[in-house]
Every structure is written in structure tokens, then in C-alpha cells.
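Please examine the structure shown below together with its sequence. The paragraphs that follow lead through its strands, its aromatic rings and its enclosed space.

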Amino acid sequence: MSQPTFSSPTPAPGSRAIATSALRKAGLMDQDAKMRDVSEKPGRKAGVKQPTRARAHPHKPRAIDLVTGKDQHGARTLNARIAAGDPATSRLAKSTAVRGRRNAISLNGAPGSGKVIELWKEWVNRRYNKEAKFLNLERMHEDEFLKRHRLTLPTSSEAAREAQVVFKIASKLEPPVETLSLAHNNLTSGRMLSTLGHFLPKLANLSLEGNRLGGWKEIEYISGKRGRLESLRELVLIGNPMRDLEIKNDRALQYKSDIARRFPSLEMLDGEPVVRVGFDAPTTSESASIPHHNLLASFAWNVEPSFIAGVDGTIVSNFFVRYFPLFDVQRNALIDVYAPDATFSFSANTGIPPRARLEGIHVSKDFPNQRKLEWAPWLGGGLGGSRNLGRLSGGMQQLTQSLHLGSEQAVKAMVDLPRTKHDVTGSPEQFSVDAFPIRQGDSTNLLVTVHGQFAELPSEGIRSFDRSFVLAIAPEGSRAKRNGWDVVILSDQLVVRAYSSYEAWRPGPIRVQAGDLLPSPGLQQALAPLPEPQRALMQDLILRTRLNLQFAEDCLKNNEWDLGRALANFEQVKASLPGDAYLSEDAFLP
């Protein structure tokens with residue numbers, strides 16, 4: 001994997017200056033220059049020979065035919081290219097303006113075309129700093145030499161042949177060109193660059209600063225499959241509308257990532273190191289050492305709010321608002337709402353839930369009454385005892401005694417249980433309700449499940465409970481209907497548990513392990529557009545590493561969406577990641 005700070009393969013002795021400094025010293029980058037964007041239209045295939053055709057004027061030599069030889073290339077970073085006081089730099093400073101006059105001297109058969117080639121060679125050599133291996137082709141429209149000899153500007157949209165001649169001449173320079181600047185040439189299209197990858201395939205550093213490249217398609221001339229600069233280590237796009245738009249819209253990280261994808265070898269972008277995550281996926285042996293157990297940091301599905309479907313919610317709420325107060329203070333009156341053949345059972349789960357144990361609820365000073373609670377009345381009460389089928393020791397007799405058949409037996413069993421106090425009119429978040437129709441035989445009934453808490457009297461200690469009712473619409477003339485109930489209870493199952501906070505069903509992500517991070521609503525919203533399973537993998541990686549969305553996506557994409565490999569890859573590079581690669585604390589729930 002590429003590291004975020006890079007050095008030249010052949011640095012000048014003692015040189016530790018960053019590439020940006022070298023660019024500015026050479027005049028490739030203005031001190032206060034802003035950045036802009038690029039666009040891309042593939043032109044002629046770079047390096048592809050065109051079919052031979054009979055020439056209209058065979059007596060007129062073509063300029064491109066006069067430039068022959070074998071390409072040679074080299075590679076070094078910008079740091080070693082430009083030394084202070086370099087004579088080539090002085091020559092470049094003398095460049096002024098030129099007006100590109102079309103057809104003044106043509107490259108395709110105009111009189112004196114042989115001389116034209118010599119002029120182009122002279123100009124390219126004037127612009128080349130051999131010691132720095134730096135070819136400065138900046139501000140060609142201001143160049144006095146081009147103006148004096150009336151040479152067509154290679155930057156013109158209609159001068160593709162001139163650009164080929166210049167790059168072909170550049171490919172013959174010795175020592176080979178490593179750095180090329182095309183800054184401040186008012187380029188609006190990348191078409192001029194279409195043959196750059198063919199003639200200078202080993203180019204290491206390129207400045208396109210201060211042009212007018214307006215869209216990503218212009219970059220494709222040097223990043224596409226046919227014209228990619230495979231060895232490019234440094235790129236400057238400051239001052240182009242493409243880049244400026246990305247920065248203005250707070251998409252700097254996306255811009256950097258998109259450029260890095262297009263140029264796998266890139267190490268510096270606009271004077272800053274390119275930080276990569278996951279571009280070099282770990283090998284099998286490396287990833288094999290990473291344990292694959294406990295990879296899940298959060299469940300793929302969140303806890304959802306109460307779910308009521310297929311029934312008017314007021315029927316359910318009216319039932320609870322009337323039922324629980326009667327259960328607390330007048331249980332005998334509940335005989336009206338139970339069907340004659342109703343069933344009732346209860347069970348006690350005495351174990352302290354792991355969440356409550358970790359939070360210390362049952363020994364906390366905030367819950368002083370918890371130690372006053374006793375399980376005996378629940379285990380042996382209710383005229384038959386707890387119907388916890390996993391802990392029954394009384395055989396078939398206890399199994400039958402703990403199931404109460406008929407409304408009278410059901411109510412008698414409830415009366416024998418400890419007194420309670422349900423705060424159904426208080427904080428609604430203390431309860432979670434699901435209700436939906438179910439089919440039983442030929443009838444359609446309503447299954448209602450409620451999770452909540454109550455205070456046990458007289459100790460005032462708190463217990464949690466789960467209660468499942470099967471309800472039916474109360475028939476006209478029935479006891480329930482005559483006493484004002486809209487429904488009648490067919491089945492009632494009560495589970496009493498040691499108290500655990502109602503945070504367990506608060507809507508949102510589910511914490512797997514104590515101390516694990518949970519995503520904030522804002523982070524969940526940012527992840528929402530992603531399809532499954534990518535969304536779950538992204539969330540899991542972010543919760544484990546705190547990486548922001550862009551870095552997390554890069555890490556997973558370049559490890560083929562394998563979470564184990566992505567985590568191993570992150571461990572390899574985390575020491576070199578910048579601070580803005582990570583999300584802030586407010587991206588996670590406390």
C-alpha cells in the first residue's frame with residue numbers, strides 16, 4: 001500500500017523539500033493560486049498508427065515525418081528538478097506574449113515546413129532545463145519566440161498536430177523529461193494531452209495549474225485506458241474550474257479520492273500527499289492472521305418504534321389505558337374482559353440481564369429498592385407457580401397447574417400475584433407495543449405484545465415485563481361489550497424479568513458489546529442511500545475504525561468488500577492516516 005508521504009526515487013543530495021516548494025520555485029504554481037476543475041473528451045487514440053493514404057502534395061514534407069528516433073524516458077520527483085539560479089529558469093523568465101495565428105506557418109505542407117520543425121526543436125530546447133529534467137511549456141500564448149516566428153500554438157483546439165510535434169520532440173530530449181508544466185495556457189479541453197501518454201509514458205510530474213478545464217472528462221485524456229500516464233507521481237490541478245467546484249461544494253475528499261483512483265501511481269496532488277486506504281489489499285497470509293470472530297460491531301437492523309398495523313391504534317391504546325390500572329388496583333374487575341374459555345399463564349425469569357449487570361442497576365444507589373425485591377412470590381404464587389418450562393421441576397402436575405383455563409381461574413391466579421403499579425400514562429418510551437392481525441382457524445384475531453416496566457409493591461422495586469395478548473372484537477351482547485370493552489381477551493401470557501433499562505428498545509442501532517460505538521442519526525442518514533449489504537459493511541467498518549465515509553468506502557471497495565481484509569488493511573496504514581480521515585465524536589451516540 002502506498003504511504004501518504006513520498007520521496008523521489010533519485011532525490012538530490014540533501015534535498016527534502018516537498019514537491020510543492022519545487023513547483024513554486026520553478027514558477028509552476030502561484031503562491032496564492034486557487035483551484036478549479038476538469039472535463040474529458042477522448043480524442044484520437046494515442047499511439048495508434050493511422051492508415052497510410054496517398055498524399056495530395058507529396059513534394060511537400062510533413063513536419064511530423066521529420067521528427068524521428070526512439071522514445072526514451074526517465075522518472076524523478078519534482079524536488080530534484082529545479083535548482084536555484086538555474087540558467088534554464090532564467091531563460092524561461094524572459095518569455096512574453098504571442099498571438100497564435102492560424103495558418104501563418106503550417107505543419108501540414110506549408111512552405112518551409114522543414115524550417116518549422118527546426119524552430120519547434122529550438123523552442124523546445126530553450127524551454128528545457130536539462131539539470132532538472134524539467135520541460136516548461138507554460139504561458140505559450142505569451143511566448144515571444146512563438147510570436148516572432150508565427151508558429152501555431154499547440155494549445156489551440158485545432159492544433160492537435162502541433163501538440164504531437166512538440167511532444168515527439170520532447171520524447172527525444174536527453175536526459176529524458178521527468179517534469180512537464182502546461183500551466184496557465186487557457187486550456188479548456190484535454191484534447192491536446194491525448195498523445196502525451198504515448199510520447200512521454202514515463203512522465204513523473206505534470207502541472208496543469210491555472211487552466212480552464214471544466215469537467216472530469218478532460219482528465220480522461222491522460223487517465224483513460226489508452227492514454228493513462230502510468231508513472232505519474234505528482235499532478236497539479238490548482239486553478240481549474242473542475243477542482244474549484246469540488247472544493248467549493250465541500251467535496252475535497254471525494255475529489256482527492258477520484259483523482260487517486262484515476263492515477264494509481266500518484267503520490268502528490270496539488271502539493272499535498274495522496275493518502276490511500278485499501279488500494280493494495282493484504283495478501284491471504286496477512287489477512288489469515290486477523291481473527292474473524294466477533295466481526296460484528298452492530299446488528300444490520302435497527303430497533304424500530306412500536307409497530308401497529310391492520311388495526312386502529314386507538315383500540316390498542318384504549319385497551320391498555322383501562323387494563324393496567326385495573327390490574328394494579330382491582331384485578332377482580334378484569335373478569336369482564338376475559339373470554340369464558342380464556343387462558344392465562346405467567347413465568348418468572350430471575351437472571352439479571354447482561355446489560356443491567358454491566359450498568360450496575362441492581363446495586364446502584366439510583367435504584368435503592370432493588371435489593372428489597374424477592375422472587376419467591378412469583379416463583380410459587382399465582383395458584384400454580386411460574387410456568388417457566390425450562391425450569392419446571394414438578395413434572396406434569398406443575399405443568400397443568402400453572403396453566404389457568406377460563407376467566408375465573410385466570411383472574412384468581414392474578415389476584416394471588418404481588419401487587420404492581422404500571423405508569424401507562426407517564427413516559428411513553430418506557431413501553432414498546434406491537435399489534436397486528438393473526439389468523440386462528442376461521443377467525444381473525446389481534447396479537448398484541450407489550451414490553452415495559454412496573455413497580456412492585458410495597459417495596460417499590462422495579463421489574464421488567466413482557467406480555468402477549470390474543471384479542472378478539474367483543475361480540476355484541478357479550479359480558480365484555482356490556483361492560484364497555486371493545487375487545488375480549490382470548491389468551492394472556494405474562495413474563496416477569498429482573499429490571500433492565502428501556503433503552504433496550506429505544507429506536508436506533510443495537511449495541512452488540514458494552515462500550516461499542518453506535519452511529520448517530522446523522523451518520524445513519526448518510527449511510528441510508530447505500531444498498532445492502534454494502535450499508536451494513538460500511539457501518540460496521542466505521543464503528544470499528546472511526547473512518548469517515550469516503551475512507552471507509554475506499555477501504556472496502558479495494559478489498560472486494562471483505563470486512564476482514566479491510567480491517568487488516570486499515571491496521572497496516574492507520575499510523576499514517578491524516579486526522580481528517582476520521583469522523584468526529586458527534587458522529588456516534590454517547
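Helices (H or I, at least four residues) and strands (E, at least two) are DSSP runs, numbered from the N terminus. The model is a predicted one, in which local features need pLDDT of at least 70 and side-chain atom pairs count only at pLDDT 80 or more, while totals for chains, interfaces and linings use all residues. Residues are numbered from 1 along each chain as its sequence is written, and side-chain values use heavy atoms, with hydrogens and water left out.

Consider the enclosed space. A cavity is a set of points, on a 1 Å grid over the protein atoms alone, where a 1.4 Å probe fits but cannot get out; its lining residues have an atom within 4 Å of a point. Grid points are joined across faces, edges and corners, and a volume is the space filled by probe spheres set on the points. Two cavities of 30 Å³ or more are present, and the largest has a volume of about 40 Å³. Its lining consists of Phe-324, Phe-327, Trp-378, Thr-420, His-422, Phe-454, Phe-465, Arg-467 and Leu-494. Helix α11 (313-329) and strand β14 (461-473) each contribute at least two residues to this lining. By class, the lining comprises six nonpolar residues (Ala, Val, Leu, Ile, Met, Phe, Trp, Tyr, Cys and Pro), one charged (Asp, Glu, Lys and Arg) and two polar (the others, Gly among them).

Several of these names return among the aromatic residues. One aromatic cluster includes Phe-324, Phe-327, Trp-378, Phe-454 and Phe-465, together with others such as Tyr-338 and Trp-485. The charged end of Arg-331 sits over the ring of Phe-327, 4.2 Å from its centre; this description requires NZ of Lys or CZ of Arg within 6 Å of the ring centre and within 35 degrees of the ring normal.

The structure holds 20 aromatic pairs, where rings of Phe, Tyr and Trp (its six-membered ring) pair if their centres lie within 6.5 Å, and planes under 30 degrees apart count as stacked, over 60 as edge-to-face and the rest as tilted. Phe-367 and Tyr-499 form a tilted pair, at 5.7 Å centre to centre and 45° between the planes. Phe-367 belongs to the loop between α12 (354-359) and α13 (376-380), and Tyr-499 to the loop between β15 (487-498) and β16 (518-519), so the pair ties together parts 132 residues apart in sequence. Phe-367 is partly exposed, with a relative accessible area of 24%, whereas Tyr-499 counts as buried at 5%; buried means under 20% relative accessible area, exposed over 50%, and partly exposed in between (1.4 Å probe, protein chains only).

Strand β13 (residues 443-457) is mostly covered, with 11 of its 15 residues buried. Two strands pair if DSSP finds at least two bridges between them. Strand β13 runs antiparallel to β11 (residues 419-421), joined by three bridges, and to β12 (residues 432-440), joined by nine. With β14, β13 pairs in the antiparallel sense over 11 bridges, and Leu-446 has Leu-471 as its bridge partner in β14. Three residues separate the strands in the hairpin of β13 and β14, where Glu-460 takes a positive phi near 70°.

A further sheet is open and has seven strands in the order β1-β2-β3-β4-β5-β6-β7, with mixed pairing. At its edges stand β1 (128-129) and β7 (272-273), each with a single partner strand, so one side of each is left without a neighbour in the sheet.

Methods:
1 Å grid on protein atoms, 1.4 Å probe; cavity = no way out; pocket = protein on both sides within 12 Å on 5 of 7 lines; lining within 4 Å.
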